Protein chains: 2
Amino acid sequence: MTSATRPQGTRGGRASIGSQGGTGGTGPGTADGHEATAILERARVSVDPELRAAVDALPGPLRRIARYHFGWEHPDGTPATGNAGKAIRPALVLAAAAALGGPAARAAAARAAAAVELVHNFTLLHDDVMDRDATRRHRPTAWTVFGDADAILAGDALQALALGMLAEDPHPASTAAVARLAACVVELCAGQQVDTALERRDPAEVTLDEVLAMAEAKTGALIGCACAVGALYAGAADDDVDALDAFGREAGLAFQLIDDVIGLWGDPRHTGKPAGADLAARKKSLPVVAALSSGTPAADELAALYAAPFEPADLDRTVLAVERAGGRAWAQEQAADRMSRAMSELARAIPDPEAAGGLLSLAEFVTRRST
Amino acid sequence: MTSATRPQGTRGGRASIGSQGGTGGTGPGTADGHEATAILERARVSVDPELRAAVDALPGPLRRIARYHFGWEHPDGTPATGNAGKAIRPALVLAAAAALGGPAARAAAARAAAAVELVHNFTLLHDDVMDRDATRRHRPTAWTVFGDADAILAGDALQALALGMLAEDPHPASTAAVARLAACVVELCAGQQVDTALERRDPAEVTLDEVLAMAEAKTGALIGCACAVGALYAGAADDDVDALDAFGREAGLAFQLIDDVIGLWGDPRHTGKPAGADLAARKKSLPVVAALSSGTPAADELAALYAAPFEPADLDRTVLAVERAGGRAWAQEQAADRMSRAMSELARAIPDPEAAGGLLSLAEFVTRRST
């Protein structure tokens, strides 16, 4: 983790990356965006059968909780055509396998991709319990519907499903992939542990390096692992597996930075979360910590707002203080920097831009989402 | 799951198994007990280094929570010489490996034994959060010391550690063992899910078959898995692995029945839990459900007591009602029946009583604990 540059104050500077800025659509308008959408759609076609078969093998009540969480069922068990998320991580597994091993490696990695998506969803189920988040993907979270115990147990079962199905995969890379995915789960837990511990700390004492390290563990690790697992399934050399992991980590951090920006300046109709939810919960998100540590007058205003309980009437003023203290511009510059590092790592493992195209499209897609 | 015979009313009938009845000691007095104690001690010597190395590889805060939970540290991080539990499950892994594969198989199974113990402790951490249990092994539970989030995350990390370290074990049985252990975790979660759901149900509508199935999933499954993993590490044939699993499941159910008996009639100084904790929480333990479904006058009295909030003054009367309705005698007869089935399964896989001796001693030890 390199030391983070402190943001400079800004007077409403605009986004330096991609299409943020209120175009209002969820679909990107660029050729890259179209390509990424097609890649995500093709990944869903490959991975969904593995994912559904795994979840449907769970015993009754756990299956129902998991199927609700994935958006496949309503709380009463009737079928839903819900939003199961963009499923970027399994798409990255397949794209990495294809980039390093061609179509055969991609086809062989479908189960591994489903395992990575199961791990992601296990962490979502548990994080929502711990964070008391009531909404995910525009729907009530599982714990609000079924209770804490059921959400915890469904998450536990998804972790076991993920590692168990990967271990049983006859592919020669399966053992290395299980070891990597299990180590990644430990890192995800450590990241979430730091996140919950940070919530209890005085905002003035939380450093940018701390929140960047936390975001790398909580978000970068699994995106890196997804790419590394794809590389393992392509039979890639250790150096290339590590480069793909680093590519994913950097892209994942860029993704988190943009996600935090969207959480503050995005349209709740598209984010699926209430406006200002992170601010209301006094979350020390990346732009907020950047703003608090900027040394600007707006930082002092933000610190005073964060020291008091949240008042809905203060929402706009708080968002503006983060922006004027440079939190938004810093996050967007950091995201651009991380994406540039991600590209370097990718080029190290896959010098041919055409072969790397799918991974590039996905990485750019997630960091070019509209606010 | 066979249908359970309804208990008959009793007028204070005494235990039909082993040394229950208030001798007051924790150490058994039989030769078998001495042998089991020696087996448990030898297992600890073999498994502890693997267990401690795995836990110590966790990142800082997660390591501290786990080390507290295992009784190796006080809450402030200073070393403790605590009670990490009897570690029966890893001892069963080693005993099964030794019984079917001799000393070499036993030595090779130490890591697998540690993985099984990690899974057990992951479930304890999570169950204590869900059940709001404040005491375990005579100490405050991890969630009461570190909070729910930390206890959940430490449990998640222990599951990942367990499956990851087993996958990385170069032993040829490791992949089959991971698959079996992961499937067992799903069953454990399903059992705990049923348990928490039963707590919300009218006691009069809960059947003995339901609670027996729940106890098999929640307790029998992992004890069966421990024996099966040991058999896998001995290179045993599929039939023998399955017989060892069935042996462990039946012995595990016997263990749970006796544990429930001890929970009601045991000495809190030895159980590590407050007297009547299960009754105070209105738990539908096996003796309680047996008593409630006995059709005796004491069953009606017990149902009336369970319909009202717990009053400490009613504790003795409640315990007596369970006993007079036959709950204690039924549980002890069921335990004896399960142990007899366990012996048959064991003899199927290991006809030589000398080879099976270690497994027998352990199984008898856990079902002969003093109250």
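The following dialogue explains how certain terms apply to this predicted model.

Visitor: What conventions apply to this model?

Guide: Residues are numbered from 1 along each chain as its sequence is written, and chains are lettered from A and ligands numbered from 1 in the order in which they are written. The model is predicted, with local features needing pLDDT of at least 70, side-chain atom pairs counting only at pLDDT 80 or more, and totals for chains, interfaces and linings using all residues, while side-chain values use heavy atoms and leave out hydrogens and water.

Visitor: What makes the relation of chain A to chain B that of a two-fold axis?

Guide: Copies are superposed by least squares on the C-alpha atoms of residues with pLDDT of at least 70 in both. A rotation of 180 degrees, with 0.0 Å of shift along its axis, places chain A on chain B with an RMSD of 0.0 Å. That is the relation of a two-fold axis.

Visitor: How do you know that the copies meet through the same surface?

Guide: Contact means heavy atoms within 4.5 Å. The contact takes 32 residues from chain A and 32 residues from chain B. Of the interface residues of chain A, 100% are also interface residues in chain B, so the copies meet through the same surface.

Visitor: What is the area buried between chain A and chain B?

Guide: Buried area is the accessible area (1.4 Å probe) that two parts lose on being put together, summed over both. Here the value is about 2700 Å², and carbon and sulfur atoms give 76% of it. On the side of chain A, A:Leu153, A:Val186 and A:Gln193 lose the most area to chain B, together 19% of what that side buries.

Visitor: How many salt bridges and how many polar contacts link the chains?

Guide: A salt bridge requires a side-chain nitrogen of Lys or Arg within 4 Å of a carboxyl oxygen of Asp or Glu, and the rule finds 0 across this interface. A polar contact is a pair of N or O atoms within 3.5 Å; within protein, one must be able to donate a hydrogen and the other to accept it, and residues adjacent in sequence count only if both atoms are side-chain atoms. Between chain A and chain B, 8 residue pairs are in polar contact, both residues being at pLDDT 80 or more.

Visitor: Which helix supplies the largest share of the side of chain A that touches chain B?

Guide: Helices are DSSP runs (H or I, at least four residues) and strands likewise (E, at least two), numbered from the N terminus. The largest share, 13 residues, comes from α6(A).

Visitor: Why is A:Ala87 called buried?

Guide: Buried means under 20% relative accessible area, exposed over 50%, and partly exposed in between (1.4 Å probe, protein chains only). A:Ala87 has a relative accessible area of 17%, and is therefore buried. The residue lies in the loop between α2 and α3 (88–108) of chain A, and its phi is near 55 degrees, a positive value in a residue other than glycine. Most residues other than glycine have a negative phi.

Visitor: Why does A:Arg137 count as buried?

Guide: A:Arg137 counts as buried because its relative accessibility is 14%. Its place is the loop between β1 (135–136) and β2 (139–140) of chain A, and its phi, near 50 degrees, is positive in a residue other than glycine.

Visitor: What makes A:Ala96 a buried residue?

Guide: A:Ala96, in helix α3 of chain A, has 0% relative accessibility and therefore counts as buried. Leaving aside neighbours within four places in sequence, A:Ala96 is in contact with A:Cys227, A:Gly230, A:Ala231, A:Leu244 and A:Leu359.
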